[in-house]
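Me: I'm new to this one and would like to learn how to read it. Can you take me through it feature by feature?

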Amino acid sequence: MWRSLVLQVRFQHFYTGLAVVLVVSFLAYSHLLVQRLAQGEEARIAFYAKSLEFVASYNNPETEFLFNTVVKRQPLDSSIISVPAIITDAEGTPIFDNLDLAQGLTPPQRSQAVARELQQMKAQSIRPIRIEYVPGQFQYVYYRESDVLARLRYYPYILLAVLAVFVGGAFLNLRLISRNQQNRLWAGLAKETAHQLGTPIMGLLAWIELLRDRFTAAEDHEVLEEMARDVHHLEQITERFSKIGSEPELQLLPLAPILDDAVAYVRSRLAGSRRIQVILASELPPGFSLPINPTLFAWVIENLVKNAIDALVGVPKGSIVIRAQVRGQQCVIEVEDTGKGIAKGKVKDIFKPGFTTKARGWGLGLSLSKRIIELYHGGKIFVRRTEVGKGTTFRITFPLGRDYRPSFGPGPTGTLHVGT
């Protein structure tokens, strides 16, 4: 197993390094190609300027013929890769250009467009080429990169961005496939565990019934009732595991009794402990109901309370408060403890499978709780507040929007329940 893991890590490092080398090589080659093209354009425009200077110095039919038929057609002809250029006099007034401007411009409009282009060329900090067409009199050639060269500069990055999108999409797809496979594996393991627990639990219930017939003393029956309660809780756990991976059935049920039962079970496990106080503060309207799966939802509450109890280990005296109320368009449930708290750097990881701060444990409780609340019930669960040494507050919210109307049936008003 470890050898396979090491090989997998080595392959990942190899492919990552290979990808980096390929990307760097591609960018370096593209940059070299663009630089060579830019140097070629600079050489062509410099050749054109020198040709103008030569024609001005030796003004005769032969030089004009060579210039018009050989030189002038090459660097500034729009039929090939052109270099946008503007020739100005000594005062900077444009006297000639080869700009590809929009058709139909009036002479004043074209002059304004050429002036704007000239300002842009000057802003690129490319030194103009000076032409001495008459001794002591000069003209200047301003130019910039051709449009093709400008596009080539950005083309490698656009290509890499497109490839990154496709590779990222493929990686995300593979990750989703892997996650779904892991979810199916965990679901299958949970269902098999529930199936295997079913037989011994039924046997334990039968033995408890047999012991009730044999022992009639009140203290014996008290012990047997506690045993029956624990076995019944094992039945609930088995049912919860059997529902993992299946679409749960939601029922419109009163929320307060489910909270009462979940907290009552945790309190019974803390019987005799004066170090931890469990408080259920319910401010729910009478008969307030939600579409929930009672077995799975109770599991979430028990899990949050048990985590709070673990956070109070080593604390001389602490409390756990479970609050439930309706706030506007939300039903809000909070589990607050005065325990050790969670470090800021670990908050983002606590709902990930396998994350745990305990010496023993699978680190699945909060991950499954998040799945139950958000995937099955359409709610949200998150850490509302945490501070090292002062405690943590988890919050669960259920939306009560236009598409959902909570039920307000008959029932007792919300009360404050104080545990031992």
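Reply: Sure, let's begin with salt bridges. A salt bridge is a side-chain nitrogen of Lys or Arg within 4 Å of a carboxyl oxygen of Asp or Glu. Keep in mind that this is a predicted model.

Me: Okay, which residues are linked in a network of salt bridges here?

Reply: Arg323, Glu336 and Arg385 are. Take the link between Glu336 and Arg385: their closest N and O atoms are 3.9 Å apart. Glu336 sits in strand 9 (residues 330-337) and Arg385 in strand 10 (residues 380-387), so this pair links distant parts of the chain, 49 residues apart.

Me: And are Glu336 and Arg385 buried or partly exposed?

Reply: Buried means under 20% relative accessible area, and exposed means over 50%. Glu336 comes in at 21%, so it counts as partly exposed. Arg385, at 29%, is partly exposed too.

Me: How many salt bridges does a search of the whole structure find?

Reply: That search finds 11. One of them joins the side chains of Asp97 and Arg110, at 3.0 Å from N to O. Asp97 belongs to strand 2 (residues 94-97) and Arg110 to helix 3 (residues 107-123), so the bridge ties together parts 13 residues apart in sequence. Asp97 is buried, because its relative accessibility is 19%, while Arg110 is partly exposed at 31%.

Me: Which residue forms a salt bridge with Glu145?

Reply: That's Arg153, with 2.6 Å between the closest N and O atoms. Arg153 has 28% relative accessibility and counts as partly exposed; Glu145 is also partly exposed, at 24%. Arg153 is worth a second look, too. Its C-alpha atom is 7.9 Å from that of Ser30, although the two residues are 123 apart along the chain. Ser30 lies in helix 1 (residues 2-57), and Ser30 is buried, with a relative accessible area of 10%.

Me: Let's zoom out. What does the secondary structure come to?

Reply: The protein has eight helices and 13 strands. Of its 420 residues, 31% are buried. As for contacts with a separation of 6 or more, 68% of them come from residues 24 or more positions apart.

Me: How do I read two helices that pack together?

Reply: Two packed helices are described by the angle between their axes and the distance between the axes. Try helix 7 (residues 294-311) and helix 8 (residues 365-376): their axes come within 10 Å and cross at roughly 145°. The crossing is left-handed. Among the residues making the contact are Phe297, Trp299 and Leu304 of helix 7, and Leu366, Ile372 and Tyr376 of helix 8. By class, the contact has 10 nonpolar, four polar and no charged residues.

Me: What about the nonpolar cores?

Reply: In soluble globular proteins, nonpolar side chains tend to be buried together. Here the largest nonpolar core has 45 residues, and those that touch the most other members are Leu255, Phe297, Ile320, Ile322, Cys331, Ile333 and Ile396. Helix 7 gives the most to this core, with 10 residues.

Me: Which residues is Cys331 in contact with, leaving aside its neighbours within four places in sequence?

Reply: The list includes Leu255 and Ile396, both of which you just met among the residues touching the most other core members. Cys331 also contacts Leu284, Phe288, Leu290, Gln325, Val326, Thr397, Phe398 and Leu400.

Me: Where else should I look for a core?

Reply: Apart from the largest one lies another core, of 11 residues. Ala49, Val83, Ala85 and Val141 are among its members.

Terms used. Residues numbered from 1 in each chain as written. Predicted model: local features only at pLDDT ≥ 70, side-chain atom pairs only at ≥ 80, totals over all residues. Heavy atoms only, no water. Axes fitted to C-alpha atoms, helices over the stretch in contact; angles between N-to-C directions. Helix = DSSP H or I, 4+ residues; strand = E, 2+ residues; numbered from the N terminus. Left-handed = near helix turned anticlockwise from the far one by under 90°. Contact = heavy atoms within 4.5 Å. Nonpolar A, V, L, I, M, F, W, Y, C, P; charged D, E, K, R; others polar. Buried < 20%, exposed > 50% of the residue type's maximum accessible area, 1.4 Å probe, protein only. Core = buried A, V, L, I, M, F, W, Y, C linked by side-chain atoms within 4.5 Å.
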